[in-house]
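Reader: I would like to learn how to read a structure like this one, feature by feature. Could you walk me through it?

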Amino acid sequence: MIDQERVELMANWIRYAARIEPEALELTDEQIVALGAGLSRNGLLNPPTPASFEKKLLFYRCEYCGKPQFRTYRTRQPRYCSNSCRQAAYRERAKNEDQKCAPIAQGALVYNP
Ligand SMILES: [Zn+2]
C-alpha cells in the first residue's frame, strides 16, 4: 500500500515539470511515484512550492475574439478562450511578421522596373 500523501507529492512533481495532470496520463499510483521520484532527483528542476499548484480563478477576455471567460489555471494565465482563437492569433501575428520589410543591405542592387 502506497502512502497517499507521497502519491500526491509526486503527482505535484509531474504537474509542475510536465504541466499535465497525472490523471490525463492514466498512470497507476506506483507509476506516479516512480515518475515523480525521478523528476524530484533532477538537479535542473527547482522543487515545486505549494503555491505552484494552487488553482487561481481568473476572469478575462479572450485576446482574439474578446469573449469573456471565467477559468481556473495553475501556472500560466490563459489568454484565449479556445485553441482555435490561440491558433488564429498566432496566424495573424505570423502574417504581420511577413509583411514587415527587411532592411535593404548597404550596396545592394534594388530591382525597380
Ligand atoms: Zn476567443
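Author: Happy to; we go from the whole chain down to single residues. Keep in mind that this is a predicted model.

Reader: Let's begin with the overall make-up. How many helices and strands are there in the protein chain?

Author: A good habit is to list the elements and then read their order. The protein chain has four helices and two strands, and along the sequence they follow the pattern α-α-α-β-β-α.

Reader: How does the radius of gyration of the protein chain relate to the globule rule?

Author: Here one sets the computed value beside the one from the rule. For 113 residues the globule rule gives 13 Å, while the protein chain has a radius of gyration of 22 Å, well over that, so the chain is more spread out than a compact globule. Along its principal axes, the C-alpha trace spans about 80 × 40 × 25 Å.

Reader: And what share of the residues count as buried?

Author: Of the 113 residues of the protein chain, 9% count as buried. You can also ask about sequence separation: among contacts with a separation of 6 or more, 33% are between residues 24 or more positions apart.

Reader: Which domains does the assignment give?

Author: The domain assignment gives domain 1 (4-40) and domain 2 (51-100). Their centres, taken over C-alpha atoms, are 27 Å apart. Four residues of domain 1 are in contact with four residues of domain 2. On the domain 1 side of that contact, the residues divide into one nonpolar, one polar and two charged.

Reader: Now the helices. How does the span of helix 1 agree with what one expects at 1.5 Å a residue?

Author: The check is to compare an expected span with the distance between the end C-alpha atoms. The 15 residues of helix 1 (residues 4-18) should span 21 Å at 1.5 Å a residue, and the end C-alpha atoms are 21 Å apart, which agrees. Helix 4 (residues 83-99) can be treated likewise: its 17 residues should span 24 Å, and the end C-alpha atoms are 25 Å apart, which agrees.

Reader: Which residues of helix 1 are buried?

Author: They are Met10, Ala11, Asn12, Trp13, Ile14 and Tyr16. Just after helix 1 comes Arg19, with a positive phi near 55°. For helix 4, the number of buried residues among its 17 is zero, so helix 4 lies largely in the open.

Reader: Turning to the strands, how do strand 1 and strand 2 run, and how many bridges join them?

Author: Strand 1 (residues 56-61) and strand 2 run antiparallel and are joined by six bridges. Two pairs let you follow the register: Lys56 has Tyr73 as its bridge partner in strand 2, and Leu57 has Thr72. The two strands form a hairpin with six residues between them, and in the turn Gly66 has a positive phi of about 80°.

Reader: Are these strands buried or in the open?

Author: Strand 1 is hardly covered, with a count of zero buried residues among its six. Strand 2 (residues 68-73) also has zero buried among six residues, so strand 2 lies largely in the open.

Reader: One last residue: where does Thr75 lie?

Author: Thr75 is in the loop between strand 2 and helix 4. With 10 other C-beta atoms within 10 Å, Thr75 is exposed, because 12 or fewer is the cut-off for that class. Ala51 is 24 residues away from Thr75 along the chain, and their C-alpha atoms are separated by 9.5 Å.

Terms used. Residues are numbered from 1 along each chain as its sequence is written. This is a predicted model: local features need pLDDT of at least 70, side-chain atom pairs count only at pLDDT 80 or more; totals for chains, interfaces and linings use all residues. Domain bounds come from an automatic or database domain assignment. Two residues are in contact if their C-beta atoms, placed from the backbone, lie within 7 Å. Ala, Val, Leu, Ile, Met, Phe, Trp, Tyr, Cys and Pro count as nonpolar, Asp, Glu, Lys and Arg as charged, and the others, Gly among them, as polar. The expected span of a helix is 1.5 Å times one less than its number of residues. A residue is buried if 20 or more other C-beta atoms lie within 10 Å of its own, exposed if 12 or fewer, and partly exposed in between; C-beta atoms are placed from the backbone. Two strands pair if DSSP finds at least two bridges between them. The radius of gyration is taken over C-alpha atoms; the globule rule is 2.2 Å times the number of residues to the power 0.38.
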